[in-house]
Amino acid sequence: MRSIDIKTIKGLTASEVKHRVQRGAVNKTKKDHANSYPKIICSNIFTFFNLINTVLFLLVCLTGAYQNGLFVFVVFSNVIINLFQEIRSKRTLDKMALLKVAKVDVYRDGTLTQLPIETLVLDDQILLKNGDQVPTDAQVISGTLEVNESLLTGEVDSIYKQAGDALFSGSFVTSGEAVCQVIHVGADNYIEKINKEAKASKRQTYLIQGSLNRIIRWISLILVPLCSLLFAKQYFFSHAPFDTAILRTVAAAVGMFPEGLFLLTSVTLTISAVYLARRKVLVQELNCIDALARVDVLCLDKTGTITEGKMTVEKVIPLTDSADIPLITQNLLAQLPDQNPTALALRAHYDSVSTFSMQQVTPFSSDRKYSCVTFAEQGTYFIGAPSILLSQTDKQLLQNEKQFAEEGYRVILLAHSPHAYEIDQSLTDIEALGFFLLSDTIRSDAEATLEYFRSQGIQCKVISGDDPVTVSQIAKKVNLPGAANYIDVSTLTAVELKEAVGRYQIFGRVTPQQKKEMVLYLKELGHTVAMTGDGVNDVLALKAADCSIAMASGVDAARQVANLVLLENQFAALPSVMDEGRRVINNITRSGSLVLVQVLFSIIITIGTLLSGTTYPFEPIQLTMINACFVGIPTFFLNFEPDFKRIKGDFMTTIFQQAFPAAMTISIGTLLIINVGYWFNSSTQALSIMSIIFTAWNYRLLQRKVYPPINKYRTTIFFCTQFFYFVALIIGQNLFNLGNTTYMNLILLIALLNYATYMQRFVERWMKQLMRQYKKKQFLKQTS
């Protein structure tokens, strides 16, 4: 806790001193939270990747060949995009507030006064009444309250609180008035614990991001020693000019770093985010699109996703012919102040009228489970739970009520007594007039959306704070597979919950912490988990999921912690969102194989150059031209193509298997070109043009494999980029430092171009054979 100057304590009461100390702790927390911005910025700018590229650019500047420094624009673009995403995510988390109340009525020195919430200290006595949000964990001292804790638990029914009962910060008072004593302040509050965990910046590792990080990790280990040896070999042993040795070394280093893949991934994800924004889906973290494409388990919160979060009167079943149920209900609604979901559904079904003379009103209480109004010369009419209003002698009615409940209805009874009703008196002479059968309003698009997920092999699990029987019936209405397979989580231990996660589809009576644990258990089982939700009770689970999706109509906390926000609460948008994720990842996987070719052949050629008596064949500007014409420009446009196939295989393994045959062919052919060329005393410029043409040809072969020219769009893209490539070679001879070839060089080049296809096929078959042997050994090891 922060120290306080003794001068500030003089003249203060003990309560004020305590208050100052408490505020000091809060202020320190805020200060520490604000200081996290520079850490994020520094962690991005000063990564090894960006530092090395900056050094390489400075080395190019020393030679005066500034055109060779074009690669630095790719690096700066990566930094800007990543910084923008990091800072935006951090600011979003900082804005999150679960507790909205600003001031509270507090008794200080026997006087009721209104003070800011942050001034509350332990043992303060506060006054809470209808409409207030509970500002801090407290205990009721006197009076009674009805509290809605749906913000925390997801259950919409009000809970009756009396002297001795605990109140949780963040819940709302729906009726009553009470004096309460503060039992927790600051970070000890229930809602602050949720808030703290929700605000913790989630460093989620996604598959593509993790693959890129692994590439950088390995390259970082070999780049400095390889390039240092390459420079020493060229300058001291091959006696190349200093500028030439620097440029060739920088070319090798730039080729080893897949900055094009970083930029391609960032730009593609950004464009995807813009596309989704047009579909009214806000992407708050770009990398979540990766996880979204691989989701195989979708956890749904019933309220706000499958249902609209409100009740509907489905049926009215009269139990007597003598009662005018509509007229009685209309008069009841005109007098009752109830605003719970049941009352709102009845108000939507019936208009309020006042044709009866009211004498006494008793609002709904979750403790009583009914409300009633006494009318002059009419007696008392009740609306509430049949199990409370009916006596055990009404066995048939209770059996009917149970049957309706098993069908998924919320059953409300309209009843009458000829007597006036006094609070807490026993119920006598109750006559049942009729049943109201209510149900959650199901989204019109829910069934079709869930059918799409089923067709894609994605499991849908409904995790709700409501009664599991009710949740199961709702799931049956939308034909959710396994809807009858439900369980009450409130009865389970942690071990039993972990076992139940894999077996059941419907989970009821789930607490916020249990939701989070269930998501984590599913991830432990190897699933990629998406979670949808709209309440504070969903925040922890949203935070833990691989991809979190919130409704715009939900609370601020759920929206701000989610990766994706459905701006128009359109559950039906999820299939198109998932298709977009698959399109992006499938296209990045294809284009990634083209980018990885340069990384692999740069490493192999560098090692080959160290072992032979030659210099590195490329300059940075030459590799930039090849990358632009055969990788950067075409893949940028081809990444817009639709491709909604399910994601299969590991990203890194897939792109390596596609890239390695071409990279190995380029390496072997280029090393032959420069070594044979030196035997015939060919110029460096002549060997460079031969190496560039051979490299481009192998890129073209890989392009046809990864992007078969099956439509006019692809054909046009490839034709235009290759035309630009040949024009660049013709008019940019001096810019790219290229020279003319001899007759012998030309024959060697044609021979290598002719055999390039066979070389790629041979390496590909060799790789497949190695992979089969490796998988066989792994299988035998597991079974032994």
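Which residue forms a salt bridge with Arg 248, and how far apart are the closest N and O atoms? In this predicted model, the partner turns out to be Glu 619, with the closest N and O atoms 3.7 Å apart. The pair links distant parts of the chain: Arg 248 belongs to helix α8 (residues 242-256), while Glu 619 sits in the loop between α22 (574-611) and α23 (620-638), 371 residues away. Both Arg 248 and Glu 619 are buried.

That pair is one of 12 salt bridges. Another brings together the side chains of Arg 714 and Glu 641, at 2.9 Å from N to O. Here Arg 714 comes from helix α26 (residues 712-731) and Glu 641 from the loop between α23 and α24, so the bridge ties together parts that are 73 residues apart in sequence. Arg 714 has a relative accessible area of 7% and Glu 641 one of 8%; with the cut-off for buried set at under 20%, Arg 714 counts as buried, and so does Glu 641.

Things look rather more local in helix α27, where Lys 768 and Glu 764 lie four residues apart, about one turn of the helix. Their closest N and O atoms are 3.7 Å apart, and the two form a salt bridge. Lys 768 is partly exposed, at 46% relative accessibility, and Glu 764 is also partly exposed, at 22%. Elsewhere, salt bridges link Asp 105, Lys 129 and Asp 132 into a network.

Helix α27 (residues 743-783) also packs against helix α24 (residues 651-679), at an angle of about 145° and with the axes 9 Å apart. The crossing of these two helices, α24 and α27, is right-handed. As for what lines the contact of α24 with α27, its residues split into 17 nonpolar, seven polar and one charged.

Now for the strands. Six of them make up an open sheet with antiparallel pairing, in the order β10-β15-β14-β13-β12-β11. At the edges sit β10 (307-318) and β11 (358-365), each paired on one side only. From one strand to the next, the twist averages 15°. Edge strand β11 runs antiparallel to β12 (residues 370-375), and five bridges join the two; Thr 362 stands opposite Cys 372 of β12. The sheet has a helix lying across it as well: α13 (residues 341-349) crosses β10, β13 (379-384), β14 (410-417) and β15 (431-442), and runs at about 65° to β10.

Conventions:
Residues are numbered from 1 along each chain as its sequence is written. This is a predicted model: local features need pLDDT of at least 70, side-chain atom pairs count only at pLDDT 80 or more; totals for chains, interfaces and linings use all residues. Side-chain values use heavy atoms; hydrogens and water are left out. Two strands pair if DSSP finds at least two bridges between them. Axes are lines fitted to C-alpha atoms, for helices over the stretch in contact, and angles run from 0 to 180 degrees between N-to-C directions. Contact means heavy atoms within 4.5 Å. A crossing is left-handed if the near helix is turned anticlockwise from the far one by less than a right angle, and right-handed if clockwise. Ala, Val, Leu, Ile, Met, Phe, Trp, Tyr, Cys and Pro count as nonpolar, Asp, Glu, Lys and Arg as charged, and the others, Gly among them, as polar. A salt bridge is a side-chain nitrogen of Lys or Arg within 4 Å of a carboxyl oxygen of Asp or Glu. Buried means under 20% relative accessible area, exposed over 50%, partly exposed in between (1.4 Å probe, protein chains only).
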